[in-house]
Amino acid sequence: MGTDSESDGGGSAVRGLVLKAVVLLGGFLLFKRFRRATTRWDHARIVAESLSGEKFSRDQASRDPQNYFNLRMLTCPATEMVDSSRVLYFEQAFWRTPQKPFRQRFYMVKPCPKEMKCDVELSSYALRDAEEYKNFCDRPKDQRPQAEEVVGDIAEHLTTIYLSRCERGKRCLYEGSTPPGGFPNPWNGASYCTTDLAVHKNGEIHTWDRCYDEEGNQVWGAKEGPYEFKPAPASSVNDMFSPLNFPPKLQEDRRSILMKE
């Protein structure tokens, strides 16, 4: 018959094994939960929320004023489709004249089709009445076109970018581009255009639009690399991130290159 101390030692060993088993089981269940957490629609949500906000290319323009303007990119939720696709309103303007955007779009964000090797499909659409949507994100919510109006104002499809999660160790969260061959665009002597886009962990959006003629010569768009849009300082951001919003002197020819609709 063992002593009391031997009995206590055996009990402690059993309790230790039980505790270890509980910890291992808990870790396994937590791992499974995290694996389940990021669904196809979660990827779309992350991209939509990363695109949203006020961002500027100020730092890049300061480093390289010969090749980049200081532009303001502003994106915010507009509505949600019946299939849960998120619709964002997007506009770009020169930072000195934010009330005069030169580019306006609707973005539709949803998961890639299951048969495709990508995570998020980001499609851009024209607006039926661009004037009606100027400064949409800067207005009080009750002074914007409402959800049903937004759906009716989505015009022709322009292009689609297919985004995939970035490999571990890279700065970005998602990156992708338009399909091979780009998309037709006859503006300013071009025949077709391509777009590359990267969503970064620090809230930056890098976007590179390039357009080519029929011989493959680039006729407009940045040549040195993508535009780098960084989030505006917190003090200058309005309340677009409120939960209520998501149910939250350079040459004139260079300037004209950006005036694309």
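What follows is a short dialogue on the cores, disulfides and strands of this predicted model.

Student: What are the ground rules for the values?

Tutor: This is a predicted model, where local features need pLDDT of at least 70, side-chain atom pairs count only at pLDDT 80 or more, and totals for chains, interfaces and linings use all residues. Residues are numbered from 1 along each chain as its sequence is written, and side-chain values use heavy atoms, with hydrogens and water left out.

Student: Why is Cys112 called buried?

Tutor: Buried means under 20% relative accessible area, exposed over 50%, partly exposed in between (1.4 Å probe, protein chains only). Cys112 has a relative accessible area of 3%, so Cys112 is buried. Cys118, at 13%, counts as buried too.

Student: What makes Cys112 and Cys118 a disulfide?

Tutor: A disulfide is a pair of cysteine sulfur atoms within 2.5 Å. The sulfur atoms of Cys112 and Cys118 are 2.0 Å apart, so the pair meets the definition. The torsion about their S-S bond is -120°, a left-handed link.

Student: How many disulfides does a search of the whole structure find?

Tutor: Four. Counting bonded cysteines along the chain, the pattern is 1-4, 2-3, 5-6, 7-8.

Student: What does the disulfide of Cys76 and Cys137 tie together?

Tutor: Cys76 lies in strand β2 (residues 71–80) and Cys137 in the loop between α4 (130–133) and α5 (147–152), so the link ties parts that are 61 residues apart in sequence. Helices (H or I, at least four residues) and strands (E, at least two) are DSSP runs, numbered from the N terminus. The S to S distance is 2.1 Å. Both cysteines are buried.

Student: Why is the disulfide of Cys193 and Cys211 right-handed or left-handed?

Tutor: Its S-S torsion is about 100°, so the disulfide is right-handed. The sulfur atoms are 1.6 Å apart. Cys193 lies in strand β9 (residues 192–200) and Cys211 in strand β10 (residues 205–212), so the pair ties together parts 18 residues apart in sequence.

Student: Which residues touch the most other members of the largest nonpolar core?

Tutor: Val109 and Leu163, out of 26 residues. A nonpolar core is a set of buried Ala, Val, Leu, Ile, Met, Phe, Trp, Tyr and Cys residues joined through side-chain atoms within 4.5 Å. Helix α2 (residues 40–51) gives the most to this core, with four residues. Another core, of 14 residues, lies apart from it and includes Leu74 and Phe106.

Student: How do you know that the length of α2 agrees with its expected span?

Tutor: The expected span is 1.5 Å times one less than the number of residues. Twelve residues should span 16 Å, and the end C-alpha atoms of α2 are 17 Å apart, which agrees. Just after α2, Gly53 takes a positive phi of about 125°.

Student: What makes strand β3 largely enclosed?

Tutor: Nine of the nine residues of β3 (residues 86–94) are buried, so the rest of the structure largely encloses this strand. Both faces are covered. Arg86, Leu88, Phe90, Gln92 and Phe94 are on one side, with Val87, Tyr89, Glu91 and Ala93 on the other.

Student: Why do β2 and β3 count as paired?

Tutor: Two strands pair if DSSP finds at least two bridges between them. β2 and β3 are antiparallel, with nine bridges, so they meet that definition. Met73 stands opposite Gln92 in β3. Seven bridges join β3 to strand β4 (residues 103–111), also antiparallel. There, Phe90 has Arg105 as its bridge partner.
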